[in-house]
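Let's work through a few exercises together. Have the coordinates open in your viewer, try each task first, and then compare your route with the worked solution.

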Amino acid sequence: MEVEPEVAAEQLKEEPMFGVLDITLLLVLLGLGGWWLLKSRRQAEDTSSTTKSYSIQPTNLGTQSTDSSFIKKLKSSGRSLVVFYGSQTGTAEEFAGRLAKEGIRYRLKGMVADPEECDMEELTNLKDINNSLAVFCLATYGEGDPTDNAMEFYEWLQNSDTDFSGLNYSVFGLGNKTYEHYNEVAKYVDKRLEELGASRVFELGLGDDDANIEDDFITWKDKFWPAVCEHFGIEATGEDVSVRQYRLTEHPEVAADRIYTGEVARLHSLRNQRATSWSRAVASQSKASRLGLALRNTRWFESSWGKKFSHEISASVWDQCPPSIVMHLGRPFDAKNPFLAPIKVNRELHKCGDRSCMHIEFDIEGSKMRYDTGDHLAVYPINNEELVNKIGELLGVDLDTVITLTNTDEDSSKKHPFPCPCSYRTALTHYLDITSNPRTHIIKELIDYTKDPQEQEKLRTMASTSPEGKQLYNQWVIQDNRNIVHILEDLKSCKPALDHLCELLPRLQARYYSISSSPKVYPTTVHITAVLVEYDTPTGRTNKGVATSWLAKKNPSKTDSLPLTAPIYIRRSQFRLPTRPQTPIIMIGPGTGLAPFRGFIQERDQLKEEGKPVGDTILYFGCRKKAEDFIYEEELNEYVKKDVLTMHVAFSRDQGHKVYVTHLLDKNMDEIWKVIGENNGHLYVCGDARNMARDVHNIVLKVVQTKGSMTESQALAYVKKMEAQKRYSADVWS
């Protein structure tokens with residue numbers, strides 16, 4: 001128990017039994033206590049006066065290092081190359097790893113770094129390391145958005161005036177040409193770093209995932225390294241870089257409760273569900289100064305600070321919140337901590353025919369998860385059991401062997417390629433992508449495991465950068481659509497070590513679906529609309545979509561003893577209804593592009609039932625045949641009867657000549673202009689990016705030019721302004 005100084009003095013007078021030593025010790029203790037309190041107060045004041053410009057760092061339940069200094073790691077391990085990645089699906093991270101690995105050949109020992117886990121302001125100190133180079137492999141997704149893990153770095157770079165003189169850098173972007181904002185993130189970072197004084201070592205590389213992004217990367221990389229050698233005055237050593245990154249450990253005996261069985265990050269997280277709370281998210285920040293920074297730079301947060309943190313925050317507050325704050329703190333479950341949601345409904349939407357479209361409802365009651373109309377649902381699928389077993393058979397391996405793969409680079413923040421320890425079966429089922437086309441670096445690694453000379457030569461040719469090699473790879477792997485199982489089946493003498501294959505294969509990623517419900521109508525469930533993916537390949541095989549074929553089997557019935565479940569989380573979208581319900585809207589969504597608009601219509605119907613004024617709600621929908629694939633037909637017709645919805649439908653194969661939604665749009669130019677030109681309305685597009693969305697964009701330009709009496713350049717500027725104002729929004733995929 002602490003004693004106040006005044007009380008202590010009185011006690012000393014009344015009780016002279018205390019000696020000089022007692023008094024001295026007491027004063028020393030009081031002095032130390034006062035010094036400690038004063039120091040704590042000064043530290044708090046110093047933290048509050050910090051002037052850095054970083055927002056709150058996200059919670060990372062995976063392999064985050066406690067030390068965010070990548071400069072310290074570079075210096076301590078004698079490295080000079082750091083490759084940062086901004087990755088949403090794992091491809092950018094994979095490319096970054098390949099670049100860092102190849103640096104050995106050029107006397108540039110490299111490391112891969114996640115900008116989310118690094119203090120990126122340290123980039124200014126990279127020049128202190130001799131022959132240092134920073135490479136950025138950055139993907140763009142959505143409407144020109146950075147990936148989740150690159151969000152903070154991107155925002156900081158936008159607002160920074162840091163002097164990057166002496167920083168050597170290069171950028172490779174990953175994008176898709178079917179999207180309007182093709183590789184926008186990489187283009188911006190490349191330009192911005194130059195503006196801030198950094199030196200570009202080699203030109204910006206642009207990868208197109210709609211074509212052959214592997215070929216784009218190799219072509220860029222083959223020119224990148226000679227430019228690096230010239231810049232630093234170095235030469236290639238010619239050393240082979242086929243070096244194992246992970247060390248295998250088998251566990252003959254390990255407690256079952258210490259083995260991962262499919263969890264994304266935390267052991268037993270799918271059995272013991274635990275929300276990622278605000279307080280835990282804040283407490284886990286590696287730098288307290290970033291928290292203080294976010295508090296000062298975010299007005300809405302300052303005004304809310306001191307109130308009880310809650311996930312039940314109003315939509316209006318979230319709409320004012322910076323994306324990085326929402327992403328890091330706004331969801332009780334996330335990519336590293338998904339919610340195991342029971343599937344309540346899984347029903348077929350197609351009336352007949354050989355195709356299938358599922359309406360699936362996930363139960364989120366009690367999870368504190370919230371979503372907004374237009375958001376995306378991420379689903380973690382598992383691989384087909386037959387494919388998994390086939391790999392074990394082809395390689396003669398007991399898939400129930402429990403293993404750990406440990407990074408041989410002790411300085412890497414990524415200690416394991418996936419959660420370990422786990423069995424080979426778990427890794428191939430839950431963690432590794434075994435259905436995509438293997439990239440050339442995997443093909444190259446397979447050569448050493450192949451005995452037949454002809455099969456060896458085939459692999460060697462495909463792994464090369466020669467025109468013949470690229471053509472063979474494109475035909476045999478990409479066009480013929482072979483996955484790793486097909487390759488092992490067709491190359492009989494190829495028997496790679498399974499642990500090495502586990503190291504090489506990319507991580508299995510979550511699949512994203514536009515949410516087809518409104519939280520105002522369905523607050524405790526979230527709905528998706530998904531077409532079952534199944535098709536024949538040129539080799540006579542049948543390929544199946546990983547997620548949809550898995551979900552198709554999860555058909556709940558009253559006789560089920562346990563609920564059928566799937567790991568999910570919500571990903572926020574910018575696809576939003578107007579804030580004013582009176583604003584008229586046009587929704588264009590053929591096929592499953594209807595999904596988010598089902599939620600839009602539900603929400604507007606609810607508002608109308610509450611007696612609120614609602615603007616025109618116009619839908620353009622298209623499918624093949626009315627009798628087969630007119631999804632949600634009864635629901636939509638009911639909204640039309642209630643005068644909630646105006647609907648235009650195109651059935652492409654119900655007549656001699658094909659009719660698409662674009663034909664209907666072309667006929668209804670007056671209606672479109674009335675909404676987007678005269679009444680300041682919103683236009684939304686959802687569906688195919690390659691053809692439909694592009695055709696719609698051209699029609700909108702035509703409408704603005706014709707009905708708005710504008711020149712071509714004026715119409716283009718008008719549509720650009722609509723996009724900037726979020727009055728023209730697209731949620732599309734290729």
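**Exercise 1: the six-stranded sheet**

Strand 9 and strand 18 (residues 565-571) pair in the antiparallel sense, with four bridges between them. The model used here is a predicted one.

Task: Starting from this pair, work out in which order the six strands of the open sheet are arranged, and which strands are at its edges.

Solution.
- Step 1. Begin with a residue pair: F339 is opposite I568 in strand 18.
- Step 2. Turn to the pairing of strand 9 (residues 339-348) with strand 10 (residues 357-363), which is antiparallel and has five bridges. Here E348 has M358 of strand 10 as its bridge partner, and R347 is matched with H359 of strand 10.
- Step 3. Put the neighbours in a row: the order is 14-11-18-9-10-15, the sheet is open, and the pairing is antiparallel.
- Step 4. Read off the ends: strand 14 (511-514) and strand 15 (525-531) are the edge strands, each pairing on one side only.
- Step 5. Add the geometry: from one strand to the next, the twist averages 40°.

**Exercise 2: the three-stranded sheet**

Task: Find out why strand 8 and strand 13 each have one side without a neighbour in the sheet.

Solution.
- Step 1. Write down the order of this open sheet, which is 8-12-13 with antiparallel pairing.
- Step 2. Strand 8 (246-250) and strand 13 (422-423) are at the edges and have a single partner strand each, so one side of each has no neighbour in the sheet.
- Step 3. Check the link between strand 8 and strand 12 (residues 402-407): they run antiparallel and are joined by five bridges. Within this link, R247 is opposite T406 of strand 12.

**Exercise 3: a pair of helices**

Task: Decide how helix 16 and helix 17 are oriented to each other, and which residues make the contact.

Solution.
- Step 1. Recall the two descriptors: packed helices are described by the angle between their axes and by the distance between the axes.
- Step 2. Take the values: the axes of helix 16 (residues 453-463) and helix 17 (residues 467-479) cross at roughly 110° and come within 6 Å.
- Step 3. Apply the cut-off: angles of 65 to 115 degrees count as roughly perpendicular, and the two helices are therefore roughly perpendicular to each other.
- Step 4. List the contact: helix 16 supplies K458, T461 and M462, while helix 17 supplies E468, G469, L472, Y473, W476 and V477.
- Step 5. Sort by class: the contact has five nonpolar, two polar and two charged residues.

**Exercise 4: four residues to place**

Task: Are T548, H500, C357 and C686 buried or exposed?

Solution.
- Step 1. Set the cut-off: buried means under 20% relative accessible area.
- Step 2. T548 belongs to helix 20 (residues 546-552). With a relative accessible area of 5%, T548 is buried. Beyond its neighbours within four places in sequence, T548 contacts M358, Y513, A530, V531, L532 and V533.
- Step 3. H500 is part of helix 19 (residues 498-504) and is buried at 5% relative accessibility. Residues up to four places away aside, H500 touches R244, E445 and Y449. The C-alpha atoms of H500 and L446 are 9.7 Å apart, with their positions 54 residues apart along the chain.
- Step 4. Finish with the cysteines: C357 is buried at 1%, and C686 is buried at 0%. The disulfide count for the model is zero.

Methods:
Residues numbered from 1 in each chain as written. Predicted model: local features only at pLDDT ≥ 70, side-chain atom pairs only at ≥ 80, totals over all residues. Heavy atoms only, no water. Buried < 20%, exposed > 50% of the residue type's maximum accessible area, 1.4 Å probe, protein only. Contact = heavy atoms within 4.5 Å. Pairing = 2+ DSSP bridges. Disulfide = S-S within 2.5 Å. Axes fitted to C-alpha atoms, helices over the stretch in contact; angles between N-to-C directions. Parallel < 35°, antiparallel > 145°, perpendicular 65-115°, else oblique. Nonpolar A, V, L, I, M, F, W, Y, C, P; charged D, E, K, R; others polar.
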